[in-house]
Each structure stands twice: as structure tokens, then as C-alpha cells.
Amino acid sequence: MATVRTRFAPSPTGFMHVGNLRTALYEYLVAKSQGGKFVLRIEDTDRERLVEGAEAVIYKTLDQVGLRHDEGPDVGGEYGPYVQSLRKDLYKPYAQQLVREGKAYYCFCTKERLESLHNEEGIGGYDRHCRDLPAEEVQRLLEAGTPYVIRQKVPLTGSTTFEDAVFGSITIENKEIEDQVLLKADGYPTYNFANVIDDHLMHITHVVRGSEYLTSTPKYNLLYEAFGWEIPTYVHLPLIMGKNEDGSVSKLSKRHGSTSFEGLVAEGYLPQVITNYIALLGWAPKDNQEIFSLPELVQAFSIEGISKSPAVFDYDKLNWFNAEYIKAMGEEEFTAHAMPYYREVFGAQDKPWEVLYSILPARITKFQEIPGLLHFLKELPDYPVDFFVNKKSKANLENSPQMLQAAIPVLEALPDWNVTAIHDSLIALAGELGVKNGTLLWPVRIAAAGTQVTPGGAMEILALLGREEALRRLRAGLAKLQA
């Protein structure tokens, strides 16, 4: 059996849309789940749409999500070059072969003539004006140097049927297929033509792409048949939809939220979360597992699990995934991700990072939320005195000053300043005072934080503030109460 070979063939025309990334991921999974090869090919024949730096975005994105290609412009391979513009001279002979065999023809129509065939909405197809020009006329125009394109000669009757691994058998009437351009006037091939030639020469066995290309597949098949080449397995993926405010869905676009990989990363979603989530947009595992590493996806993936139905990109679900990944992180990994945000709060100060690891993972959905949660550690907010009142803790304006007066000397006398030492001394003090733990800890926490809702309790906050700042705040709280 031939080795399964898939290719991701992006055009460097801007950012990486989640739809493109899902296509790349499924191409990778189709190949790797069957022990095959995943090829990267840069399709840059549409010269007008090229964007500076877009090729670097493709490499960076694939690297961030861990999709390593076996062959490509940067790693080479036996079927290179892997950039279409570097293969430019290869396509014309194939187009000319089809002309000789009567399966394609020279078209000399000017841009103006072609535009005149469209109605006001810009809709209208080519009228096959040059399809049956006499041979002498074609020769005369070529010798005169008249600009031309080469068009495919599509059968005018009958239909073309093809099999898709997801959508099954699909038939399109030939009369609905346009005589598409194969070679443009600048000598570059069109996207469709280059695709077929390159896929054949690179031995691509499975062509994976969005279902919006279903109706253009017969054009590809007619080319394969014209050359007498083997047709690859087609795998068309369901559309990705976005949820509208009124509950309806429409094709995913910017109005639904970030739709590019870079945009989602900038918003705080982890690359491996984005990969995990988009794997499930149109594919379902055999069991109910939702959290997958890339190697686990390779193990679980099968083409049979791909759905025909459109998938809905749900940002709430993506948030859930992100939170689950954060909760599952070990201390070292969590701290590495969190450090840029810790620095926003603490500057260059060193802190007991393990204390933050003990309280934050279960409380955040994205790392960007950290500065907002810890803002009170940077500077004490101006807070009203009635924050000290809490019914549940039995804390009030009468006993809060007494609690702080008792706590300050005990904390001042501590030889070690850490969560355990602070905890043990304050719990022991509550026992000596004959009060509930909360009655003592509520005013201590309010004085230390200046806010009623905090991640972590009094002990963690005191440890993070450090001895000097913690005691300064407790004394300030006592002064506020006494005033």
C-alpha cells in the first residue's frame, strides 16, 4: 500500500485563520494516524495578494502548535522545490500538452471583453469565445505576440461524479463548470492548475480542504483524467460557523471574535488549547474524551469521525478548555507562563511564587487575568471602614480593632515569614482569644488587602506582601478603625 501523503498548501496572504489551521491539523492527523508524511507547500502564485511577512507567520504558527512537516521549503525533500513560484517553469509544458491534445485552448480575450460579460453584480461566466477559433487564427495571434491565457476545455454535456471520504458520492453537471484558466497571462499557473500538477508530482494521496471547495472538485478531476493520472482521496471538512447574538449561526467571521491564531493567542488562549479545541470542530472521537495532547489526537483520529454538519466555534467552550489546561499545569510550567503578569504587579521583586501557584490556577481562565486579581498587592486600595463588618465571620467595628491589636505583635515576633508560620500563629491566637478563626482573620485580611474579595486568604496575602509591607498595612487598618 502506498504511503499516505498529505499537504498543507497555504498562500502567504496574511494571518492564519482558524479554518486554515484546522485544515493543517486534519492533514497532519490524516497522515500521522496512518504512519504517513505531512508536506508543507507554499502557494504564492497569486502575486497580487502576497503579504510581506505572511510566510513567517505560517512557519511560526505551525511551530507553536507542534505540527512538524516532513518535507517543505525549510526542510527540503525529494519532490522540491516546495514554493510554487520557484516551480513556475514547470507548469507551462503541462498546459501546452493539454492544448495539443485538444483538452485546453488559448484564449486571447481582453480584460475589458471579459468584464463586459458580467452583470452589474459582477456575476457572469466566460462565454467560451475562443474555444473553437480556427488553428490558423490562433497561430496568427500567437505570432503577433497577442497576450493569452490557457483555458481548460470542459465537456459541454454529461456530468462529473466524484467520491468524497466525508460527503460520499457527489455529481456536478458539466454545463455548470466553467472553462477555467490554467495558465495566466503572466505565465503563472492558477491555484487550481498548480495544485493538481504539484499534488501529482509530490505523490499526494489525500487532499484535505474545506467543504466550500466541493463544487470545484470536478474541475480537478477532469484535469487528472485529462493527464491520465490517479485521482487522490478527497476529504472535505465541514464549515466552521460562529454564534450570532440572536442565537443563529453564520460563517465564522471577525464579528464573532478573534478568528486568527495570532489573535486568539494574544487574547490569552494557549496554543495547545487552540489545537485541542479546533480538532473537535468537525471531528468526534469514539468516546467522550475532550482533552487531547497532539500525540493523543494522532492515536485517536480517524477520517470516519469527521462530520458533514457545520461546526460552531464557541468561545465559552474555548474558555473552559483554557481553564482546564491551566488547572492541570505543574508549578514550574504555570509559573513560567504567569511570570510576565507577576512582573506587572511586583516589578523585579522576588516573591514566594509557590504561594501564588497554590491559589491561582483554579481561579483563572487566562493568564492575563492575573494582574487584575492581584492589583491590591501592588498598592493598598482606598477602602471604607465598613469593609471590616462581616456577619458570617462575626466581625464588626467593635471587635476588629481588638483583633488587629492582638495580631500585630504576634506577627511582629515571628522568626519566619511564610504561610505555615503565619497560619499557625494566627490560628493559635484565635484560640487564645476564644473567638472563631474567621472573627480574627476577616479584619486581618481586609487590612492587608483593602478589598473584600481576594484570591487566597489572610495567610497567603500576608506572605506575599512580605513582613514589612504586611505589618505597615495592618497598622494602617488599625488607625482607620480607631479614627
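Is Arg128 buried, partly exposed or exposed? At 22% relative accessibility, Arg128 comes out as partly exposed, where buried means under 20% relative accessible area, exposed over 50%, and partly exposed in between (1.4 Å probe, protein chains only). This is a predicted model, in which local features need pLDDT of at least 70 and side-chain atom pairs count only at pLDDT 80 or more, while totals for chains, interfaces and linings use all residues. Residues are numbered from 1 along each chain as its sequence is written, and side-chain values use heavy atoms, with hydrogens and water left out.

Arg128 has a partner in Asp179: the two form a salt bridge, with the closest N and O atoms 3.1 Å apart. A salt bridge here is a side-chain nitrogen of Lys or Arg within 4 Å of a carboxyl oxygen of Asp or Glu. Asp179 sits in the loop between β6 (168–173) and β7 (181–183), and Arg128 in the loop between α4 (111–116) and α5 (135–143), so the pair ties together parts that are 51 residues apart in sequence. Helices (H or I, at least four residues) and strands (E, at least two) are DSSP runs, numbered from the N terminus. Unlike partly exposed Arg128, Asp179 is buried, at 1% relative accessibility.

The model holds 20 salt bridges by this rule. One of them joins the side chains of Arg41 and Glu43, at 2.9 Å from N to O. Both ends are tucked away: Arg41 is buried at a relative accessible area of 0%, and Glu43 is buried at 2%. The pair belongs to a salt-bridge network that also takes in Arg7, Arg87, Asp198 and Asp199. Glu469 and Arg472 make another bridge, again at 2.9 Å from N to O. These two residues lie three apart in helix α19 (residues 467–482), about one turn of the helix. Here both ends are partly exposed, Glu469 at 24% and Arg472 at 43%.

Turning to the nonpolar side chains, a core is taken as a set of buried Ala, Val, Leu, Ile, Met, Phe, Trp, Tyr and Cys residues joined through side-chain atoms within 4.5 Å. The largest such core has 141 residues, and those with the most contacts inside it are Phe193, Phe313, Tyr342, Phe367, Leu426 and Leu462. Helix α1 (residues 18–32) is the top contributor to this core, giving nine residues. Another core, of six residues, lies apart from it and includes Tyr105, Cys107, Tyr126 and Cys130.

Phe313 also leads to a small piece of sheet. Leaving aside neighbours within four places in sequence, Phe313 is in contact (heavy atoms within 4.5 Å) with residues including Val18, Ile240, Met241, Lys243 and Leu252. Strand β12 covers 311–313 and is one edge of an open sheet, β11 (249–251) being the other. The sheet has three strands in the order β11-β10-β12, with mixed pairing; two strands pair if DSSP finds at least two bridges between them. Strand β10 (residues 240–243) and β11 run antiparallel over three bridges, with Gly242 opposite Ser250 in β11.

Just ahead of β12 comes a loop that starts after α10 (294–300), and Ser302 lies in this loop. Ser302 counts as buried, at 15% relative accessibility. Beyond its neighbours within four places in sequence, Ser302 is in contact with Trp283 and Lys286.
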